[in-house]
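Let's take a friendly walk through a protein model, one feature at a time. Have the picture open and follow along.

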Amino acid sequence: MVLVTLTGILYVGTRLALQAPAIVTGPQISLDAAALPWYAALSLARMSAAYALSLVFSLIYGYYAARNRRAEQVMIPLLDVLQSVPILSFLPVVLLSLSVLLPTAVAAELAAVVLIFTSQVWNLTFSVYQSTRTVPTELREAAAVFRFGAWFRLKYVELPFAANGLVWNSVMSWAGGWFFLMAAEMFTVGSRDFRLPGLGSYLSTAAQAGDLHAIGLGVATMIAIVVALDQLLWRPLLAWAQRFNLETVESEHAPQSWFHDQLVRAWLLERFIGKVWTPVIERLDRRWQVPHTPVMIGREKSGAARRDWRVRLIAAAAGIGLLYLTLSAGRLLATLPLAAWLDIAIGLGATLLRVAAALLIAAAWTIPVGVAIGTRPRLAAVLQPFAQIAASVPATALFPILLLALLHLPGGLNLAAVLLMLLGSQWYLLFNVIAGASAIPQDLRDTTALLRLSPVERWRTLLLPALFPYAITGAITAVGGAWNVSVVAEYVQFAGKTHAITGIGAVISRATAEGDFALLLAATLTMVVTVVLLNRLFWQPLYRLAEARYRME
């Protein structure tokens, strides 16, 4: 049903895109260094708007899916399929269709925020859902003993338990969002220029002009923003979230933040909490907390659905509409010649090989480095901040530099495409491995030391089994990122020239540039079906194996 719905939505977007203006004039992007602060502020505003939407959606969707058994049966499979869909392949259809309905500037801004939102929201939602599902039984029993209602249970049990994972996933979501922001800000479709003033369009314009000085300034500005966010936002949040860890012994190497320490002692913040925040929360407590409400320890069961004639009529109408849209999309796909389908099949195989190569290279270095960081606190204190900063620098910002270095080598663009996929996906695997290694109980580490296990035996009996669930989760996310990057990596316009290699991403980009919407629809659906099938037939069995055999209990 999700696939049918996606097909219908894509078809509607494609039909609207056919009516898009033939020529769209984009803004003039200045390469003057004085314009960079304004461009950086615009990019940061788009990222903040998308993250705010993602956080609100995640808290509502993830919490409701975890607490309602009947809703979970629909919401979680829907979420699983949607997070497997390559986002960049939808950008042309979304942007062109919105340009028909809205002014061009508004359509471009809205499409950019939607694209960033869809890159950030899935892992945040899964984090909220999994945290709510895995609240320890003793905490639920304590909430029942104190007769907490839904509001107090959320405030004192479920949100605190989810805080640490939510902060870490926010770091990862924000890092991934930079990549899609760059892609949205530098987007063009043939003679239609949908670029937005921002760091992405600045770097794209500098690359087209071959201006290495401007490229360096743009990358330096991006790194400065990432470092500032790390110091002023993420590290303070990570230090603050440590108070919600379930530990019997205080960690000797908890995350530290100089800015967090300053905020704790700040008189202005203390006044704000005392005069504004606390009264608001107390007012919500009085309004939403029902006293003496019995609380269920397990999940809430939804009541029986009332299947009246109106619900059935709406469902039937929706089904007929989706069937009509699917048949219409089928007619559009039938206009493609056999050669186009052959190009899609060959491109799919080539991109699959590049994705597999990027994943193997990522696993080869992220697993040992992640274990070293996760099991050695002193090393983590030095390397973890650098890893967070490096993960936040978008791969698209570095791509012009990679192209300059690799384009003249044998197989240069193939190598550059694999490297860009690696830069866009390896951090998801690294952070999951770090989380898995740091979660290994200290008593198991001490046991392996007492038994004098060799390094090989230690990896075989402790480290690899403990890391398996985290590595599978990281690999699923990394592969999804690599498929997305293929749309940018396999078809590149650089210094006034177009460079392309065989791949499904190149087919999508070429169809976008030429306005071939039938080919765009076919290639996008082929990529969607492939990614979903890989998740269902390969990754999910491994995920079930991890849950059944390698749980830390």
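## Start with a hidden pair

Arginine 140 and glutamate 158 are both buried. Keep in mind that you are looking at a predicted model. The side chains of arginine 140 and glutamate 158 meet in a salt bridge, with 3.8 Å from N to O. Arginine 140 sits in helix α6 and glutamate 158 in helix α7, so this pair ties together parts that are 18 residues apart in sequence.

These two also have partners. Arg67, Arg140, Arg153 and Glu158 are linked in a network of salt bridges.

## Other salt bridges to look for

How many salt bridges does a search of the whole structure find? It turns up seven. One of the bridges joins arginine 46 to glutamate 185, and their closest N and O atoms are 2.6 Å apart. Arginine 46 belongs to helix α2 and glutamate 185 to helix α7, so the bridge ties together parts that are 139 residues apart in sequence. Are arginine 46 and glutamate 185 buried or exposed? Arginine 46 is buried, and glutamate 185 is too.

Now find glutamate 490 and arginine 354, whose side chains form a salt bridge at 2.9 Å, N to O. Glutamate 490 is in the loop between α18 and β3 (491–494), while arginine 354 is in helix α13 (residues 338–375), so here the parts tied together are 136 residues apart in sequence. Why does glutamate 490 count as buried? Its relative accessibility is 0%, and buried means under 20%. Arginine 354 counts as buried as well, because its relative accessibility is 9%.

## How two helices cross

Next, look at helix α2 (residues 36–67) and helix α5 (residues 104–133). They pack at an angle of about 35 degrees, and their axes are 6 Å apart. The crossing of α2 past α5 is right-handed. Sorted by class, the contact of α2 with α5 has 19 nonpolar, six polar and four charged residues.

## Meetings across the chain

Some residues that are well separated in the sequence can be checked for their distance in space. Alanine 184, for instance, is in helix α7. With a relative accessible area of 5%, alanine 184 is buried. Its C-alpha atom is 5.3 Å from that of alanine 112, although these two alanines are 72 residues apart along the chain.

Alanine 35 makes another example, and you'll find this residue in the loop between α1 (2–17) and α2. Alanine 35 counts as buried because its relative accessibility is 16%. The C-alpha atoms of alanine 35 and proline 197 are separated by 9.7 Å, with their positions 162 residues apart along the chain.

## A covered helix

Which residues of helix α8 are buried? Helix α8 covers residues 199–209, and nine of its 11 residues are buried, so you can call this helix mostly covered. The buried ones are Leu199, Gly200, Ser201, Tyr202, Leu203, Ser204, Thr205, Ala206 and Ala207. After α8 comes glycine 210, whose phi is positive, near 65 degrees.

## Two arginines with positive phi

Glycine isn't the end of the story on positive phi. Arginine 147, which is not a glycine, has a positive phi near 55 degrees. Look for arginine 147 in the loop between α6 (137–145) and α7 (150–185). Arginine 147 counts as partly exposed because its relative accessibility is 40%.

Arginine 452 also has a positive phi near 55 degrees. Its place is the loop between α17 (442–450) and α18 (455–489). Is arginine 452 buried or exposed? Arginine 452 counts as exposed, because its relative accessibility is 75%, and the cut-off for exposed is over 50%.

## A nonpolar patch on the outside

Last stop: the surface. Leu263, Leu269, Phe272, Ile273, Val276, Trp277 and Val280 form a nonpolar patch there, and together they have about 580 Å² of accessible area. Which helix gives the most to this nonpolar patch? That's helix α11 (residues 267–288), with six residues.

An α-helix has 3.6 residues a turn, so residues three or four places apart point the same way. Leucine 263 comes from helix α10 (residues 258–264). Leucine 263 counts as partly exposed because its relative accessibility is 33%.

Key. Residues numbered from 1 in each chain as written. Predicted model: local features only at pLDDT ≥ 70, side-chain atom pairs only at ≥ 80, totals over all residues. Heavy atoms only, no water. Buried < 20%, exposed > 50% of the residue type's maximum accessible area, 1.4 Å probe, protein only. Helix = DSSP H or I, 4+ residues; strand = E, 2+ residues; numbered from the N terminus. Patch = residues over 30% accessible without salt bridge, like charges linked within 9 Å, V, L, I, M, F, W, Y side chains within 5 Å. Areas by Shrake-Rupley, 256 points an atom, 1.4 Å probe, with all protein chains shown as cover. Salt bridge = Lys/Arg side-chain N within 4 Å of Asp/Glu carboxyl O. Axes fitted to C-alpha atoms, helices over the stretch in contact; angles between N-to-C directions. Left-handed = near helix turned anticlockwise from the far one by under 90°. Nonpolar A, V, L, I, M, F, W, Y, C, P; charged D, E, K, R; others polar.
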